[in-house]
Amino acid sequence: MKGLNISVLVKPVPDPGCYESIQIDPQTGILVREGLPNILNPADKHALEAALQLVEQHSGRVVMVSMAPPNALETVKEGLAMGADEAWLLSDRAFAGADTLATSRVLAAGIKKLGLCDLVLAGSESADGGTAHVPSQVGEILGISHLTNVTWLNIDTDANVRARMKMENGYIEVEGALPMVIGVSRGMNVPRYTSLPGILAAQDKPVKVLGLNNLGLDPGSVGLAGSPTQPGKLSRPELKRQGERLEGEPAELAKRIVAIMRSSGVLS
Ligand SMILES: Cc1cc2nc3c(=O)[nH]c(=O)nc-3n(C[C@H](O)[C@H](O)[C@H](O)COP(=O)(O)OP(=O)(O)OC[C@H]3O[C@@H](n4cnc5c(N)ncnc54)[C@H](O)[C@@H]3O)c2cc1C
């Protein structure tokens, strides 16, 4: 194997420090992101760390791919400062309103456009949407194997992959071959800090911005138009509590409590 070409999917997400300012548009049911400061999705930093370690081991190249509005460039640069070689921002007004499927179509088209890619790493799930759909959908669209919740990963010099996937009651170990899409769990590693030399080096690293026409996608397959999922009706739950104070002897109180529970339907 002559080095690894790795794409890392990175999503800018609202800074948790500003969660109190997050609002949902009552008409569309979609998160209002305008004006919110972004950070790199935390799980994606673990994916990037895994990519950087693999390239240190086997040599190769790490390109980050993100679908986001143009203002995401500053956030994506943090990944360049960590050590990624290049960033591709897939950005177009036509991509707005994308559900996970339309997002995955755009990301998969970006990866195809990148050319030969041995491995696609992503976070297992995002901190905001958190559906964990995207890595598997990208794998399906690209027609290659995919794993998620991966906590340990080894790739040997013959491009054989061994991985450990976290399950509800333990883990399973799987073997396969590249190319593959892998959703990295936060337990896999500790992302490196961005150093000052890293931040300075990031200024000169290539950043490409590609839109719908560059990716050759049908406008009906992206953004709101290409999204089969639509958020349902949103309403704020009305919480009402009723209290009643009972006084008396314990045995008598117990009988009255049982009677109240029966009359309110809690006990049959
Ligand atoms: C009808 C509808 C409209 C929507 N409109 C908008 C909108 O206008 N603007 C908006 O921002 N969101 C919108 N969303 C939310 C958007 O669909 C999700 O943010 C997106 O599909 C990713 O899903 P997720 O966060 O659940 O990712 P997950 O599947 O939980 O993410 C797993 C991993 O996939 C990768 N990944 C996920 N998304 C991206 C990305 N964009 N770029 C690179 N890597 C990624 C990351 O590595 C991430 O860790 C909309 C959703 C619906 C249903």
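Good morning. I begin with a backbone detail: immediately after helix H1, Ser59 adopts a positive phi of about 70 degrees. I should say at once that we are looking at a predicted model.

Let me stay with helix H1, which covers residues 42-58. Its 17 residues, at 1.5 Å a residue, should span 24 Å, and the end C-alpha atoms lie 25 Å apart, so the expected and computed spans agree. Many of its residues are buried, among them Ala43, Asp44, Lys45, His46 and Leu54.

Helix H1 also brings us to the ligand. It is one of the elements that each supply at least two residues of the surrounding shell, the others being strand S6 (60-67), helix H3 (100-114), strand S8 (119-123) and helix H4 (134-142). Which of the 35 residues around the ligand come nearest? They are Ala122, Gly123, Gly129, Thr131 and Val134. By class, the shell comprises 15 nonpolar, 14 polar and six charged residues.

Of these, I would single out Val134, which lies in helix H4. Is Val134 buried or exposed? Its C-beta atom has 26 others within 10 Å, and the threshold for burial is 20 or more, so Val134 counts as buried. Leaving aside residues up to four places away in sequence, Val134 touches Leu9, Thr100, Thr103, Ser104, Leu107 and Ala122. The pairing with Leu9 joins positions 125 residues apart in sequence, with a C-alpha to C-alpha distance of 9.5 Å.

I return now to the backbone. Most residues other than glycine have a negative phi, and most peptide bonds are trans. Against that background, Ala132 has a positive phi of about 65 degrees. Ala132 sits in the loop between S8 and H4, and it is partly exposed because it has 17 C-beta neighbours inside 10 Å. Asn149 likewise shows a positive phi, near 55 degrees; this residue belongs to strand S9 and, with 22 C-beta neighbours inside 10 Å, is buried. Finally, the peptide bond from Leu178 to Pro179 is cis, with omega near 5 degrees, and Pro179 is in the loop between strands S11 and S12.

To close, the chain as a whole. It contains seven helices and 13 strands. Its radius of gyration is 24 Å, whereas a compact globule of 268 residues would have one near 18 Å. The C-alpha trace spans about 80 × 40 × 40 Å along its principal axes. Buried residues make up 37% of the chain. Of the contacts with a separation of 6 or more, 73% involve residues 24 or more positions apart. Thank you.

Definitions and conventions
Residues numbered from 1 in each chain as written. Predicted model: local features only at pLDDT ≥ 70, side-chain atom pairs only at ≥ 80, totals over all residues. Near = placed C-beta within 6 Å. Helix = DSSP H or I, 4+ residues; strand = E, 2+ residues; numbered from the N terminus. Nonpolar A, V, L, I, M, F, W, Y, C, P; charged D, E, K, R; others polar. Rg over C-alpha atoms; globule rule 2.2 N^0.38 Å. Buried ≥ 20, exposed ≤ 12 C-beta atoms within 10 Å, placed from the backbone. Contact = placed C-beta atoms within 7 Å. Expected span 1.5 Å × (residues − 1).
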